[in-house]
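Good morning, and thank you for joining. I would like to take you through one structure today, beginning with a strand pairing and then turning to the enclosed spaces.

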Amino acid sequence: MPTLANDFLGIRSPNPFWLASGPPTDKEYNVRRGFEAGWGGAVWKTLAEAGPPLVNVSGPRYGAVWGADRRLLGLNNIELITDRPLELNLREIKAVKRDYPDRAVVVSLMVPCEEEAWKRILRHVEETGADGVELNFGCPHGMNERGMGSAVGQVPEYVEMVTRWVRAATRMPVIVKLTPNVADVRRAARAARAGGADAVSLINTLNSITSVDLDTFSPEPSIDGKGSHGGYAGPAIKPVGLHMVAEIARDPETAHLPLSGIGGIATWRDAAEYIALGCGNVQVCTAAMTYGFRIVEEMVAGLTLWMEDKGFERLSDFQGRAARNVTDWEHLNLNYVAKARIDQQLCIKCGRCYAACEDTSHQSIAIRDGRVFEVIDAECVACNLCVVVCPVEDCITMEPLPVGVVDSRTGKVVEPYANWTTHAHNPAARPQRGPAS
């Protein structure tokens, strides 16, 4: 059987699935339950300096975006960092690490941009026996208004400065958590590396307002008739996370910088995709909040079975293998040709492919008697829209065709862009599509 044993910056855990800093890691009780369920590690919810505790709102803290089946697609969070006393958190971290020596315990930190403040809190964290620290330079709400969180992460010079302070003040591994609320995430990653970071984790949440109550005209979640921007998480942000991980993984200046993947990870497949793009482990928050801690059992089992099927013995066997296939658009092969194919055995005759293609794409699907839908190869540019809108998995697929060969369905030689001049600008030359119903 493959092993999921993970070594990230010398921090060992039985698997690469860590609970991300957030509500699931707010206290000892939660983290213990997570470890008992099988999580390989946890990043403790962000700690601040000792002093007057932060005060969170006592009304709704989450807004949501649901799919048609009410499956949670995105979660908007306006909760601040921990509002529990620093001393209490430190005692609990020490107890958890003592009782679970085989699990990763990393502490998320956020304090003002003052070197002495960072030194003070680092001394306290080291005394707990924690495995490392994660610098929260990504929180987009509440704390950034105080000059912390994404207010730091959006300025590479600040990222490098604070990271350098921390690196000089602690023996622990230093992970810098990056904000996605920037134009180019590579700049912050380069700054973290220049400051001495051992790794970066990404992405933190996206700045967002998920909805507006059209009766009260207040953004949701609504607190006494008012709303605020929050941090957007969940499956909806996974594409952003994958993109930003790939950008750092293929940047020559950060290509060898260890990465911890965060953002929309809810299944073993999501985790495998992040690892394939170069991540050494992954962190999960929203999925645990949605389904409970035992979701990790499915993640561990699924990843293990997939690795066994692929012949991978360890995570490093496929880590980063997808990053080498990410390129700029200008380097894509313009001689590559594919055509859509509809499996008539699977087709339920709903017509969504026809409507989408006819109204908004390339008019390359014909409707025949009996509501039979067929692809017009001469018009098809393989845009993939029909595959995207089809409600039946694998009913429509894309078939690659070698350049210069004769397409058996049309009897024509396949040539890139031939249809641009032949049909696209000459509607009269298009093949007959048959009745519209």
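Please look at Asn207, which stands opposite Gly231 in β14. What we have here is a predicted model. The pairing in question is that of β11 with β14, residues 230-233; the two strands run antiparallel and are joined by three bridges.

Let us place that pair in its sheet. Four strands make up an open sheet, ordered β5-β6-β14-β11, with antiparallel pairing. At the edges are β5 (62-66) and β11 (206-208), each of which pairs on one side only. On average, neighbouring strands of this sheet are turned by 35° against each other, direction ignored.

I turn now to the cavities. How many cavities of 30 Å³ or more does the structure hold? There are two.

The largest cavity has a volume of about 90 Å³. Its lining comprises 16 residues, and the closest to the cavity centre are Cys357, Ser364, Cys380, Cys383 and Cys386. Two helices, α11 (352-360) and α12 (385-389), each supply at least two residues of this lining. In character, the lining of the largest cavity divides into 12 nonpolar residues, four polar and no charged.

The second largest cavity contains about 70 Å³ of space. Among the residues lining this second cavity are Cys347, Cys350, Cys353, Cys390 and Cys395, together with Ile342, Ile348 and Ile396. Lys349 and Arg352 also belong to the lining of the second cavity. Which classes of residue do we find there? The lining of the second largest cavity divides into nine nonpolar residues, one polar and two charged.

Thank you; I welcome your comments.

Notes:
Residues are numbered from 1 along each chain as its sequence is written. This is a predicted model: local features need pLDDT of at least 70, side-chain atom pairs count only at pLDDT 80 or more; totals for chains, interfaces and linings use all residues. Side-chain values use heavy atoms; hydrogens and water are left out. On a 1 Å grid over the protein atoms alone, a cavity is a set of points where a 1.4 Å probe fits but cannot get out, and a pocket is an open set with protein on both sides within 12 Å along at least five of seven lines; lining residues have an atom within 4 Å of a point. Grid points are joined across faces, edges and corners, and a volume is the space filled by probe spheres set on the points. Ala, Val, Leu, Ile, Met, Phe, Trp, Tyr, Cys and Pro count as nonpolar, Asp, Glu, Lys and Arg as charged, and the others, Gly among them, as polar. Two strands pair if DSSP finds at least two bridges between them. Axes are lines fitted to C-alpha atoms, for helices over the stretch in contact, and angles run from 0 to 180 degrees between N-to-C directions.
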